[in-house]
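Reader: I have a model open on my screen and would like to talk through its contacts before I go back to the bench. Could you walk me through it?

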2 protein chains.
Amino acid sequence: MFSKATEYALRATIYIARRSDEKNKPGLAEIAKVIDSPRSFTAKILQQLTKNNKIVSSVRGPNGGFFLTDKAKKLPVYSILKAMAEDEVLTKCVLGLKQCSETKPCPMHAQYKPLKQQLIKLFETKTIQDLASEITNGDSVIGNGK
Amino acid sequence: MFSKATEYALRATIYIARRSDEKNKPGLAEIAKVIDSPRSFTAKILQQLTKNNKIVSSVRGPNGGFFLTDKAKKLPVYSILKAMAEDEVLTKCVLGLKQCSETKPCPMHAQYKPLKQQLIKLFETKTIQDLASEITNGDSVIGNGK
DNA sequence: TTAATTAAGGATATTTTTGTCCTCTTTTTT
DNA sequence: AAAAAAGAGGACAAAAATATCCTTAATTAA
């Protein structure tokens, strides 16, 4: 559904939200290891999330790393998609038609519409914090094994 | 959501289903024009759909072109996704985790599951014929304008 | 103040996806 | 039988996505 870059962005952000506070800031190496993503590529993605979009914050130097402000934790997951310029995945026509609309619907339109709406609602309603808290049991997982 | 290739595959197949019978077989040029896709690339995709997977049928030579058998028209739309090797889009973890399962759910799992199920059901239930018939009014559309 | 640590950023490489072009084969028409 | 009209298939090209590496800047600790 989403690109690798966006998958890493989601996983990394959720992990940082879980692990970070004023004192504790996971670094790139730790994040990439835990979420099972290529390190340098993940660095680029975290830059994207810190730079314009202010979803992730960072500090350099020893004991530096990445963290989320309380404000950032309250952002909808959708904001990560927007930061990765991939929110269109949820909004565009399933058949990829520019034309497709209520008045000029594609053959999938009527059937797909309610699902699309639920998808958007899910990503708009759920906050980063919500997902970070979703460790209801010890088996919830954010990476691929060891 | 899907790749360009799969979008073209869906549009082309629906168009062929609408336009074809024993006598009438739209050709590549017509198909590509109507569904607004790059001609030669569309040729490759139609080859994929004819070759192994037997979703689309074709005949060469003058008055040749593409058509769907009655049997093919009754296939679920899902079969097009499988032919394009993109059915995983619907089934895999939103966060891209191999691990993710009922016993080791990712943080989105519980919320996303019912939506995933609806998506799969939609593509498994709807047939190509269903979509081809979905011209309830004259404004239904399968390409991008003129 | 020097050394060490860590993110930022630029340049480059690799892979995948998307797309084109040309020749070959099949089929029909003349 | 020859010519024309299509799809089939291979080789190649371009663009985008994914990934790596190296240097610089910021910050902290010794």
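Reader: How many salt bridges are there between chain A and chain B?
Author: This is a predicted model, and in it the count between chain A and chain B is 2 salt bridges. In one of them the side chain of A:Glu7 meets that of B:Lys92, with 3.0 Å from N to O.

Reader: And how many residue pairs are in polar contact across that interface?
Author: The rule finds 12 residue pairs in polar contact across the interface of chain A and chain B, counting pairs in which both residues are at pLDDT 80 or more. On the side of chain A that touches chain B, the elements that give two or more residues are helix 1 (4-19) and helix 7 (109-125) of chain A. Helix 7 of chain A gives the most there, with 8 residues, and by class that side of chain A has 21 nonpolar, 9 polar and 9 charged residues.

Reader: What area is buried between the two chains?
Author: About 3800 Å² is buried between chain A and chain B, and carbon and sulfur atoms give 64% of that area. A:Met1, A:Leu95 and A:Pro107 supply 17% of the area that chain A buries against chain B, which is more than any other three residues supply. The contact takes 39 residues from chain A and 39 residues from chain B.

Reader: Why do the copies meet through the same surface?
Author: Because 100% of the interface residues of chain A are also interface residues in chain B, the copies meet through the same surface.

Reader: What turn lays chain A on chain B?
Author: A turn of 180°, with a shift of 0.0 Å along the axis, lays chain A on chain B with an RMSD of 0.0 Å. The two copies are therefore related as by a two-fold rotation axis. In chain A, the C-alpha nearest that axis belongs to A:Met1, at 2.5 Å from it.

Reader: Switching to the DNA, which residues come nearest to strand C?
Author: Of the 25 residues around DNA strand C, the nearest are A:Gly27, A:Lys44, A:Ser58, A:Arg60 and B:Pro62. The side chain of A:Lys44 has an N or O atom 2.4 Å from a base oxygen of DNA strand C, while the side chain of A:Ser58 has an N or O atom 2.8 Å from a phosphate oxygen of that strand. From chain B, a polar side-chain atom of B:Arg60 lies 3.3 Å from a base oxygen of DNA strand C.

Reader: Which elements give two or more residues to the surface near strand C?
Author: Chain A gives helix 3, strand 1 (57-59) and strand 2 (65-67), and chain B gives helix 1 (4-19) and helix 3. By class, the surface near DNA strand C has 9 nonpolar, 11 polar and 5 charged residues.

Reader: And strand D, which residues are closest there?
Author: DNA strand D is surrounded by 25 residues, the closest being A:Pro62, B:Leu28, B:Lys44, B:Ser58 and B:Arg60. Of the atoms of DNA strand D that come within 4 Å of the protein, sugar and phosphate account for 62%.

Reader: Where do polar side-chain atoms of B:Lys44 and B:Arg60 lie on that strand?
Author: A polar side-chain atom of B:Lys44 lies 2.5 Å from a base oxygen of DNA strand D, and one of B:Arg60 lies 2.8 Å from a base nitrogen of DNA strand D. From chain A, a polar side-chain atom of A:Tyr8 lies 3.2 Å from a phosphate oxygen of DNA strand D.

How values were computed:
Residues numbered from 1 in each chain as written. Chains lettered and ligands numbered in written order. Predicted model: local features only at pLDDT ≥ 70, side-chain atom pairs only at ≥ 80, totals over all residues. Heavy atoms only, no water. Contact = heavy atoms within 4.5 Å. Buried area = accessible area lost by both parts, 1.4 Å probe. Salt bridge = Lys/Arg side-chain N within 4 Å of Asp/Glu carboxyl O. Polar contact = N/O pair within 3.5 Å; in protein donor to acceptor, adjacent residues only side chain to side chain. Helix = DSSP H or I, 4+ residues; strand = E, 2+ residues; numbered from the N terminus. Nonpolar A, V, L, I, M, F, W, Y, C, P; charged D, E, K, R; others polar. Near = heavy atom within 4 Å. Least-squares fit on C-alpha atoms with pLDDT ≥ 70 in both.
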